[in-house]
Amino acid sequence: MSERRQHTGPRPTDAAIVGMGAVFPGAADLAAYRRNLLAGTDSIGEVPPERWDPAVYFDPEAFTGPAAGDRFYCRRGGFVDGLAAFDPTRFGIMPAAVEGAEPDQMLALHATAEAIADAGGEDRLPADRSRIGVVLGRGGFMGVATARLDQRVRTAHQLAQTLRELAPELDERRIAAVRSAFQTALGPERPDASIGLVPSFTAARTANRLDLRGPAYTLDAACASSLLAVDQAVGLLAGGRCDAVVAGAVHHCHIATLWSVFTQLRALSPSERIRPFDRRADGTLLSEGTGVVLLKRLADAERDGDRVYAVVRGTGVAGDGRAASLMSPLVAGQVRALERAWREAGLDPREAGALGLLEAHGTGTPVGDAAELDTLAQVFGPPGPDGPGIGFGSVKSMLGHTMQASGMAGLIKAALAVHEGVLPPTLHLEEPHPDLARTRMRPVTAAQPWERGPAPRRAGVNAFGFGGINAHVVLEESPAAARPRLPVRRFLPLGGAAAPVGPAARGDVLLIGADTPAELSARLAAASPVSGGEGPCRVAVVGPTPQRLALAAKVVGRGRAWRGRGDVWFAPRPLGGRVAFLFPGLEPEFAPVVDDVAERFALAPPRLTRGASLMERALDAIATGRFFARVLPALGIDADVLAGHSLGEWAAMVAAGMYPQEAADTFLDSLRPGDLRVPDLVYAALGCGAPRARAALHGMDRVVVSHDNCPHQSVVCGDPDQVAAVVARLRADGVLGQELPFRSGFHTPMWEPYLGQVRAAFDRLPLGPGALPVWSATTCAPFPSAPQDVRDLVVRHLLEPVRFRELTVALYEEQGVRTFVTLGPGSLHGFVEDTLRDRPHLSVSTSSPRLDGLAALDRTRAALWTEGHPVFPAAGSTGPGSGAGPRDRPAGAGAGHAVPLDLGSPLVRLGGPARSSLAGLLAPAPAPTPAPAAPPVDRPVLLSALDAVLAGTDAAARAVTEAWAASGTGRGPGAGPGAGWWRPTAGRGRRGSPSPRCPTCATTACTCSPTTGPRTPTGSPSCP
């Protein structure tokens, strides 16, 4: 390695990781994966029976006896069941094309979209789409959808052939009935999804749907596939053929045949634990996942202002060549891969400080771990007196072996560590492998700060594949990341990865959980407090400066809840209770900051007018509330009930789905400033409650109390002179008052002459049941269910006062709401605080004029996390789009139109009707009655049972046909079209003659209904 050229830093042509996407066990997205890495979450579990049925295949004694292909001694692994969801309409894919396609194609597309969103959205991509490539790793073995197709095409006919051999007396009609029942249990055929079964289309589909026109191909290098994809991408960028490349890998195959292969190889752990580099390690655990990175040249990323997770300093790939076995790792091949990567980086791996983290391949097999430790000893040298050693671990200890995606799981982990300065833990390494002592590796068993030394932070990632293909990648932090060392290590536990680490990252959040305040105090007292812990006693510190940490320590020491002052939140125990979303109405000052939030989540920002007219203020308030109603559920913040203030009540109805989103959009888009005629009535906000305000109205007949907001604020509305007189009266008593900058007369009986212009519009809007209950500030009760009652209440809301104080109390006492989240800036947060005062509650706003949008949202999430709410950060929940963000959906509903992907290929089990029809197959036939003129004839059991089944089927068919014919004489309710309705003949037409055709749809096999006409099997009103 003497020929190595020393480089002082990354080259402009080196590849920079600017975006990442992930779906791994326990993590539906990158932010959840990051959280699990820092927390050291073990995501291993038992195999779901939908993958393969443990009752059929699992045999714990199978490890000790001769290898049997259909007996598995291990049933634990990593699974993404419940997390793998996909929204086909978002990418212009027909839902029917998803059901029969390989799910890994959809997850690769989903993760790539997440990586692009994580990088800042499509605007950050090169304008020339032909300069964007896609290289994805994927195994060439049978996938789950292909396995299901094999069951239909091959296994069903194998079953029929076996019946022919065991019961030659069965005719083809009876055998076909069994085969048909088997195939029907697999669901309808999906010929339109067959294109989704081609393995090479994993990259092709991603490029097609995202319009990426550069080189797009799928490769298979076994467990080294991920890093081979990165190596290829680096070459495309350095050679000038591409300006951006998506690189990654996908593996979502837990079919029984793959488990059989690893069972027969004795590669799985009989103890069902994966312990990389532990002396007790006895095998690996199979897992699954998808990981993707978006790469650009470093110079281009710096020019474009991209956030850079890490720079790829070097890649190395090498094969074993001739070895004793294809399955035996060869140390010499691994060493060559590592040395090539470090040579390309121009760095000496043995130099002190050259490497801070080594993410190992670490499968947990005794042979594999020993070979890798030998490799590390040769490349990085023996232990020495310099420094604490190289941080060391394997993410497989948390996930299991994700096969083709394993290198990407490790690469993303290493990139996050380099970027954030945190060494994530490795699990189950309690008794280190004896060969670790010959290396410079230091196992990291708990998350710890990774302080920058004289050299930049660097990580190495290994991925070694079956068959002798080895890869290694050297990562280094971006040159722009170098900053003076800070006294406190900062983290971004809420997923706000766009913020850098350093002095500018004032919005970083420290989150610590513990079982008691004393434990929490001990963790805060550490020299460098580290986020972590999920205990019920929690503290959050935004921008953890020494002063704020000192405040947090005092707050925790007192042991009483502290909610937000000084950007510190503390809860000794979870607040509990339900969550209400509050939608703001007209505000005297309303300046929501939403553009950075929209960019972060790849959403179209709300179209805010920022105008001062009544209509403009109303539209801005409604748009802002609807926007945050889409953002919060993507973060795991869901509402139990919705409410609004003034016109915000209508926004709550739209968000709940009471009005169809399209209808609401059309109505709002049609409104213009000046469209609404209003009386010349003014409002004044008063620094007193409604009772005192009413007392001040004595002797005045053209002013009323329009808003009872909280105990220390109310609003009056009416004639300008009389309103001014009320303000003067109260000011003389020391009560402040101020005229508000809009006029309308809403929430007063004086608006009744103007109702006609809106009553007709509201009557025309269609209504439906909402996904969540909406409470009215007019009645302090839920909206009624009958559409006309709802319309009447909407009108009443315009004529009667806003009883927000009473509404707040009703939500607290009757609905058990303890957390009130205002969807936008404004006064509602303060109204709730003033109303509930010392009663346990949390009131937060998602936006504040004095903060950036993401900074305000971070504080909302910190507050909710402290109170025990399951806040899930999301790195852009919707991915890039064509410019128009996704439509609104009911608050609290699932994100978008995502549907769970079918990841299983279990044994076929017949449904109830099929079992009932075919149950007689195994029942003994009744003894035949001998005919007087002939000797008794024994009938085979199977034949007699099938006779009965088919006879029953024929009888049912005749009954249906006769019923249709009989109904042809009349056209009463449910009557058919008459005796002349076409009846398809059973079976096919005679050889050489065409089968009869349906007169309606002109096909030979249809599901046309004689009452409703042609219908497809799915029920849509069109011919097949």
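**Exercises on a predicted model**

Eleven strands of this predicted model form an open sheet with mixed pairing, in the order E6-E5-E7-E8-E1-E9-E16-E15-E10-E11-E13.

**Exercise 1.** Determine which strands stand at the edges of the sheet, and how far neighbouring strands are turned against each other on average.

*Solution.* Strand E6 (216–219) and strand E13 (441–443) each have a single partner strand, so one side of each lacks a neighbour in the sheet. Neighbouring strands are turned by 25° against each other on average, direction ignored.

**Exercise 2.** Describe the pairing of strand E15 with strand E16.

*Solution.* Strand E15 spans residues 458–465 and strand E16 residues 469–476. Their pairing is antiparallel and runs over eight bridges. Within it, Ala-463 stands opposite Ala-471 of E16.

**Exercise 3.** Assess the span of helix H8 and establish whether the helix is largely enclosed or not.

*Solution.* Helix H8 covers residues 225–238, 14 in number, and reaches 20 Å from its first C-alpha to its last, close to the 20 Å expected. Buried means under 20% relative accessible area. Ten of the 14 residues of H8 are buried, so the helix is largely enclosed by the rest of the structure. Among them are Leu-227, Leu-228, Val-230 and Leu-237. Just after H8, Gly-240 takes a positive phi of about 80°.

**Exercise 4.** Identify the residues of the nonpolar surface patch that includes Leu-265, and classify the exposure of Leu-265.

*Solution.* The patch is formed by Val-261, Leu-265, Leu-326, Met-327 and Phe-466, which together have about 460 Å² of accessible area. Leu-265 lies in the loop between helix H9 (256–264) and strand E8 (289–297). Its relative accessibility is 41%, so Leu-265 counts as partly exposed.

Definitions and conventions. Residues numbered from 1 in each chain as written. Predicted model: local features only at pLDDT ≥ 70, side-chain atom pairs only at ≥ 80, totals over all residues. Heavy atoms only, no water. Helix = DSSP H or I, 4+ residues; strand = E, 2+ residues; numbered from the N terminus. Expected span 1.5 Å × (residues − 1). Buried < 20%, exposed > 50% of the residue type's maximum accessible area, 1.4 Å probe, protein only. Patch = residues over 30% accessible without salt bridge, like charges linked within 9 Å, V, L, I, M, F, W, Y side chains within 5 Å. Areas by Shrake-Rupley, 256 points an atom, 1.4 Å probe, with all protein chains shown as cover. Salt bridge = Lys/Arg side-chain N within 4 Å of Asp/Glu carboxyl O. Pairing = 2+ DSSP bridges. Axes fitted to C-alpha atoms, helices over the stretch in contact; angles between N-to-C directions.
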